[in-house]
Structures are given as structure tokens and as C-alpha cells.
Amino acid sequence: MFTLIRWDSPIYRETLALRNQVLKASAGKPFLTKSAVEEKHDIHLVVKKEDRVVGTLLLHPCDSNCIQIKQVALSPDFQGQGLGKKLIVYAEQVARNLNYATIFLTGRKQAWGFYEKLGYGSLMEAYQEDELLLKVFKKHMLDIRHFVNQRELKTNG
């Protein structure tokens, strides 16, 4: 089940444990011990299976046209089942519904091929952050369907 959740809810706190397991531990970063105030206005998405959170990500609005995917974490027990792809597609759908034109993310080296297969293009050369090799990826969200109801594309006859 894919759903949106509220910041600082019990399910949100469950996502912190998953993010600690999947992201923080592998990067050698301090674990999250409480709700991150800087995420209060982000859009929080989760995927639940067997009554537990097995995937999560955040959508962070940058401006009225651009939104960032952050903190993508999928339980190792559920990797390789297509849930990561479905979670990203769900995030894109949410972003499209909110009329964002561009979506971007920073991906770890092991995920570069995954994001490229989903249509994300690399914006810059890879860079090192602590123990991680990272790249920034971008995807344009708008397509012709966005403009169907706008006056410019209506015909006169």
C-alpha cells in the first residue's frame, strides 16, 4: 500500500528507523533519534507491506516549479521486487498532481542505473561526500497532457 503520511506521526517515526537502517548506517552518519523539524513541510510517502513500513521517501518543494526526492529508503528484505520503482513512480505522480515541472534527486553510486532506467538524466559529474559517491539527477515532469486544458492549445475551429 502506497500512501502519504503526516510528519511526526507514529508511521513517520517508523520511517526514521528504516532510514537509519538503510541510509544512515551505510553512510556512517548519526542516526535520527527524533522527528526532523526541517522535514515538517515536506511531503512524506511510504509503502507498507505486512503491516510495516518497508519503503519511504520525502518530496521537498524547492520552488513553485521544482521538487526534490530525498531520503529514499527501501528495506533490504523487499528489494528486487519492484517496490522501489513503484515508490518513485508514485512520488512522480504526486509531484505531477501538484503541478511541479521538474523533479531532481541525489543518488548514491549503487542507484545510478536505477534512476537512469526511470528516465532521470545526470546533471553533473559525480562527487564524493564522506564515504559516498553521489550524482544529481533530474527529470522533467510536464508532458503535453498538462497543457490540454490551457487556452494556448485550444483550436479555433
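**Group meeting: a walk through a predicted fold**

Okay, let's start with the parts list: the protein chain has four helices and eight strands. When I say helix or strand, I mean a DSSP run, numbered from the N terminus: H or I over at least four residues for a helix, E over at least two for a strand. Read from the N terminus, the order goes β-α-β-β-β-α-β-α-β-β-β-α.

Before we go on, this is a predicted model, so local features need pLDDT of at least 70 and side-chain atom pairs count only at pLDDT 80 or more, while totals for chains, interfaces and linings use all residues. Residues are numbered from 1 along each chain as its sequence is written, and side-chain values use heavy atoms, with hydrogens and water left out.

For overall dimensions, the C-alpha trace spans about 60 × 35 × 30 Å along its principal axes. The chain has 157 residues, and 42% of them count as buried. Buried means under 20% relative accessible area, exposed means over 50%, and partly exposed is in between, using a 1.4 Å probe and protein chains only.

Now, the strands. I'll call two strands paired if DSSP finds at least two bridges between them. Let's begin with β3, residues 52–61. Seven of its 10 residues are buried, so β3 is largely enclosed by the rest of the structure.

Who are the partners of β3? On one hand there is β2, residues 43–49, which runs antiparallel to β3 and is joined to it by seven bridges. Look for V47, which stands opposite G55 in β3. The hairpin of β2 and β3 has two residues between the strands, and in that hairpin E50 takes a positive phi near 50 degrees.

On the other hand there is β4, residues 66–74, which pairs with β3 in the antiparallel sense over six bridges. Here T56 stands opposite A73 in β4, and P61 has I67 of β4 as its bridge partner. Four residues make up the hairpin connection from β3 to β4.

β4 also pairs with β5, this time in the parallel sense, over four bridges. One pair to find is Q68 with its bridge partner F104 in β5.

While we're in β4, click on Q71, which sits in that strand. Q71 has a positive phi of about 55 degrees although it is not a glycine. With a relative accessible area of 24%, Q71 is partly exposed. You'll meet another such case at D130, also not a glycine, with a positive phi of about 55 degrees. D130 is in the loop between β7 and β8, and at 56% relative accessibility it counts as exposed.

Next, cysteines. How many disulfides does the structure hold? Zero. A disulfide here is a pair of cysteine sulfur atoms within 2.5 Å. Take C62: the closest cysteine sulfur is in C66, 4.4 Å away, so that is too far for a bond. C62 is partly exposed at 39% relative accessible area, whereas C66 counts as buried at 16%.

On to helix α2, residues 83–97. This helix has 15 residues and reaches 21 Å from first C-alpha to last, close to the 21 Å expected at 1.5 Å a residue. That expected span is 1.5 Å times one less than the number of residues. Among the buried residues of α2 are L83, L87, Y90, A91, V94 and A95. As background, an α-helix has 3.6 residues a turn, so residues three or four places apart point the same way. Just after α2, N99 takes a positive phi of about 65 degrees.

Last stop: the largest pocket, with a volume of about 830 Å³. It has 31 lining residues, and the closest to its centre are L23, V72, T106, R108 and Y115. A pocket, on a 1 Å grid over the protein atoms alone, is an open set of points where a 1.4 Å probe fits, with protein on both sides within 12 Å along at least five of seven lines; lining residues have an atom within 4 Å of a point. The volume is the space filled by probe spheres set on the points, which are joined across faces, edges and corners.

Which element gives the largest share of the lining? It's β4 again, with seven residues. Other elements supplying at least two residues each include α1, α2, β5 and α3. By class, the lining has 16 nonpolar, nine polar and six charged residues. Nonpolar here covers Ala, Val, Leu, Ile, Met, Phe, Trp, Tyr, Cys and Pro, charged covers Asp, Glu, Lys and Arg, and the others, Gly among them, are polar.
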